[in-house]
Amino acid sequence: MQALEDNCARLAQDLGLADRPEAIRAVEPLTGGVASDIARVRIGDADYCMKFALPKLKVAADWRAPVHRNAAEYAWLTVAAKIAPESAVRLYGRSETLHGFAMEFLAGQEVYLWKDALLQGQAPKGEAAAVGGMLGRLHAASAMADFDRSPFHNRDDFRALRIEPYIEFTAGRHADLAAPLQALANSLYSAEIALVHGDVSPKNILFRTGGPVILDAECATMGDPAFDVAFCLNHLVLKALHLPACRAAYLQEAAALWAAYAPHVRWEPAAGLEARIAALLPALMLARVDGKSPVEYLAPETASQVRDLSKALILAPQAGLSALLSDISEQTKEQGA
């Protein structure tokens, strides 16, 4: 806690938000992430969010990543603010020395975390389509020839944060899936199609007056946009399996996300991208059970069902998302999930 308070005080002074450490009235650590120290910092009557990258992530497995990823995250947030200003968070600056930055602290009665709404079983209000549309705009703009890719040549960071802990580590636990999973890993590592956020999860998406604000872009790199879509769909599918009463609604939300995203796909045939998403989704499902960062809310019996279902889909992938989501719905009905 003392180290976090010291970093916040130094960052506030470096960015001109406070003229002296005593100007900081409160530092409140925020929970939810495993890759960074995050705090709500009150300076005078204003609240800020300050974030500092950690060299070792806060998970049981030994999972390390370079702290300079904080620069890529800040660059992604800057790009998002230009492309989708209505869904942007205000930025106050970054310190290269501290590997940290300050941004607007989002709060208020109209602000809610998408993950909380899903886990509470709240009826969807079009969130998935809004996220799909925003992702599509970001990917389309970054796939253009004139997009500045220079801050985002981060494939090795992406491998350390996503490919190894999610795909390669999981392949090491399932010898029968090693070949298809390694093929996915190799494809993700080599792709440089568009700007990938890398952690499009409901835990990183706030809704403010109906629009999504996507945060936590530590994995940002030029890569395969299929990853962002599959990563978000994975969370909707897992929550659908976790909450049987919401299953149909959440699987419909998954379909709505793709329906809102697909019209923005102009850099390649949409069918090819959809096929890659359909191949990635079951791999990510399995990773959230047997990878380095398993989800915390699945009961053991549900985790076992996810494992069996995802393994079957990895070995016999569907070509499209409609068939894949239908398959997930039917198989879990048969299993009594």
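Where is aspartate 216 found? I located aspartate 216 in the loop between strand 9 and strand 10 (221-223). I note at the outset that this is a predicted model.

**Entry 1. Residues with positive phi**

I looked up the backbone angle of aspartate 216 and found phi near 55°, a positive value in a residue other than glycine. I then checked its exposure: the relative accessibility is 17%, and because the cut-off for buried is under 20%, aspartate 216 counts as buried. Histidine 99 is another non-glycine residue with a positive phi, here near 50°. I placed histidine 99 in the loop between strand 4 and strand 5.

**Entry 2. The sheet of five strands**

I traced the strand order of the open five-stranded sheet as 1-2-3-5-4, with antiparallel pairing. Its edges are strand 1 (24-30) and strand 4 (91-95), each of which pairs on one side only. From one strand to the next, I recorded an average twist of 20°. I also looked for a helix against this sheet: helix 2 (residues 69-83) packs on it and touches strand 2 (36-43), strand 3, strand 4 and strand 5. The direction of helix 2 makes about 160° with that of strand 4.

**Entry 3. Strand 3 and its two partners**

I followed strand 3 in both directions across the sheet. With strand 2 it shares eight bridges, and the two run antiparallel. Within this pairing, arginine 40 stands opposite cysteine 49 of strand 3. Strands 2 and 3 form a hairpin with two residues between them. I read a positive phi of about 65° for glycine 44, which lies in that turn.

On the other side I counted five bridges from strand 3 (residues 46-53) to strand 5 (residues 100-104), again antiparallel. Two opposed pairs were noted here: phenylalanine 52 faces glycine 100 of strand 5, and tyrosine 48 faces glutamate 104 of strand 5. How many of the eight residues of strand 3 are buried? I found seven, so the strand is largely enclosed by the rest of the structure.

**Entry 4. The sheet of three strands**

I next examined an open sheet with the order 6-8-9 and antiparallel pairing. Strand 6 (111-113) and strand 9 (211-214) are at its edges; each has a single partner strand, so one side of each is left without a neighbour in the sheet. Ignoring direction, neighbouring strands here are turned by 30° against each other on average. Strand 6 is joined to strand 8 (residues 205-208) by three bridges, and the two run antiparallel. For valine 111, I identified arginine 208 in strand 8 as the bridge partner.

**Entry 5. Aromatic rings**

I searched the whole structure for aromatic pairs and obtained ten. I inspected the pair of phenylalanine 158 and phenylalanine 227: the ring centres are 5.1 Å apart and the planes stand at 80°, so the pair is edge-to-face. Phenylalanine 158 belongs to helix 5 (residues 155-173) and phenylalanine 227 to helix 7 (residues 226-242), so the contact ties together parts that are 69 residues apart in sequence. Both phenylalanine 158 and phenylalanine 227 are buried. I also noted that ring pairs link Phe158, Tyr166, Phe227 and Phe231 into a cluster.

Which residue has its charged end over the ring of tyrosine 189, 5.6 Å from its centre? I identified arginine 159 in that position. Arginine 155 also lies over the face of tyrosine 189, at 5.2 Å from the ring centre.

**Entry 6. Helix 4 and helix 9**

I checked the length of helix 4 (residues 127-142) against its 16 residues: the expected span at 1.5 Å a residue is 22 Å, and the end C-alpha atoms are 23 Å apart, which agrees. Twelve of the 16 residues are buried, so helix 4 is largely enclosed by the rest of the structure. Among the buried residues I listed Glu127, His139 and Ser142, as well as Gly132, Gly133 and Gly136.

I repeated the check on helix 9 (residues 270-290), which has 21 residues. From its first C-alpha to its last, helix 9 reaches 30 Å, close to the 30 Å expected at 1.5 Å a residue. I found helix 9 mostly covered, with 15 of its 21 residues buried.

Conventions:
Residues numbered from 1 in each chain as written. Predicted model: local features only at pLDDT ≥ 70, side-chain atom pairs only at ≥ 80, totals over all residues. Heavy atoms only, no water. Pairing = 2+ DSSP bridges. Helix = DSSP H or I, 4+ residues; strand = E, 2+ residues; numbered from the N terminus. Axes fitted to C-alpha atoms, helices over the stretch in contact; angles between N-to-C directions. Contact = heavy atoms within 4.5 Å. Phe/Tyr/Trp six-rings, centres within 6.5 Å; stacked < 30°, edge-to-face > 60°. Buried < 20%, exposed > 50% of the residue type's maximum accessible area, 1.4 Å probe, protein only. Lys NZ or Arg CZ within 6 Å of the ring centre and 35° of its normal. Expected span 1.5 Å × (residues − 1).
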